[in-house]
Amino acid sequence: MSNRRQPLRPQPGDSIRLADYDPDDTGDYRDKDDALEDLERNRARLGELQEVLYAEHKHALLIILQAMDAGGKDGTIRHVMRGVNPQGVQVTPFKVPTTEELDHDFLWRIHQHTPPLGMIGLFNRSHYEDVLVVRVEELVPRKVWEARYDHINAFERLLAGSGVTIVKFFLHISKAEQKKRFEERLSQPSKHWKFARGDLKVREKWDQYMAAYEDAITRCNTPWAPWYIVPADKKWYRNLVISNVLVETLEKLDMGYPEPEPGLETIVIPD
Ligand code: AMP
Ligand code: MG
């Protein structure tokens, strides 16, 4: 399958065909054991970088996770964020919009949860649902969702210009892997709660969802808010790829601890 390997981060303007991306790719790694050391190193480094992000208070990081059901969004949050101080992270899952949310523009509910300076914000689903499920299920007319790609790009540009670094991950699983994970949800009592009958309806429209993802990634892959297509059939490789991107992204911000108050060296703490 290695002939199907593609760069993880497509260039802005590239027309994406997901069939060109192998969900089962594991890069240069043989197996999980082979990747363990790098995973641990990234986890420790991410903890350090987050502490500086929090202390410096000049940048925010917004991580967007999108995937088909059972694609691994929850598992990614659990594993990748393990080394990070919970006080510096806010996780927001986006569900079916409430009637109040539907009475506003589609970005209203999103904007309230973008991370403030110093914080990492993690979106489990996002405004992309408004050009994915909404498009495939025809929840609004075509003319309405068609206009949203431009709105999204403008919104993300506003955030980027306000100190928010954005990274967007599509966790790419195969249809066969989804079947396996659904079967686990049915056979293991501790996973029953994760199974929703409605997910099968979505699975029936797999190809339509892939087409919607291809358009969303192609049309919203901007220099200020890049998409990454993550091979996600192997959970350990998915975690490795995402933690690599997060470490690299934060390192590029060239952050530092803020200047201390002057005169600290003369302070004596009284008994
Ligand atoms: P889960 O993430 O499995 O808890 O499921 C959340 C559900 O909310 C999924 O079926 C999403 O497709 C759905 N959802 C999220 N955002 C929207 C939206 N803007 N419009 C319609 N459905 C949505
Ligand atoms: Mg679900």
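A polar contact is a pair of N or O atoms within 3.5 Å. In this predicted model, that cut-off is met between ligand 1 and Asp130, where a nitrogen atom of the ligand is 3.1 Å from an N or O atom in the side chain of Asp130.

Two arginines approach ligand 1 in a comparable list of atom pairs. For the side chain of Arg109, an N or O atom is 3.1 Å from a nitrogen atom of ligand 1. For the side chain of Arg125, the corresponding partner is an oxygen atom of the ligand, at 2.6 Å. The residues that surround ligand 1 also include Phe94, Lys95, Val96 and Pro97, and the list is completed by Glu129, Val133, Val134 and Leu139.

From the ligand the description passes to the protein interior. In soluble globular proteins, nonpolar side chains tend to be buried together. Here the largest nonpolar core has 71 residues, and Ile63, Met81, Tyr128, Phe169 and Leu246 are those with the most contacts inside it. Helix H11, residues 235-252, supplies nine residues, the largest share of this core. Met81 illustrates how the core is connected: beyond its neighbours within four places in sequence, Met81 is in contact with Leu46, Ile63, Thr76, Val89, Leu122 and Leu246.

Thr76 belongs to helix H2 (residues 73-80), in which Lys73, Gly75, Ile77 and Val80 are buried as well. The buried residues of H2 pack against two helices, H1 (32-56) and H11, and against four strands. These strands are S1 (60-67), S2 (89-93), S3 (120-124) and S4 (164-172).

Aromatic side chains form a further set of interactions. A pair of aromatic rings is described by the distance of the centres and the angle of the planes. The model contains eight aromatic pairs. The pair of Trp145 and Tyr149 is edge-to-face because the ring planes stand at 85°, with the centres 6.4 Å apart. Both Trp145 and Tyr149 are buried. Trp236 and Tyr237 form another edge-to-face pair, with 5.9 Å between the centres and 75° between the planes. These two residues, Trp236 and Tyr237, are likewise buried, and together with Tyr29 they make up one aromatic cluster.

Aromatic rings also receive charged groups. The charged end of Arg148 sits over the ring of Phe106, at 4.6 Å from the ring centre. Arg157 lies over the face of Trp224, 4.1 Å from the centre of that ring.

Terms used
Residues numbered from 1 in each chain as written. Chains lettered and ligands numbered in written order. Predicted model: local features only at pLDDT ≥ 70, side-chain atom pairs only at ≥ 80, totals over all residues. Heavy atoms only, no water. Core = buried A, V, L, I, M, F, W, Y, C linked by side-chain atoms within 4.5 Å. Buried < 20%, exposed > 50% of the residue type's maximum accessible area, 1.4 Å probe, protein only. Contact = heavy atoms within 4.5 Å. Phe/Tyr/Trp six-rings, centres within 6.5 Å; stacked < 30°, edge-to-face > 60°. Lys NZ or Arg CZ within 6 Å of the ring centre and 35° of its normal. Near = heavy atom within 4 Å. Polar contact = N/O pair within 3.5 Å; in protein donor to acceptor, adjacent residues only side chain to side chain.
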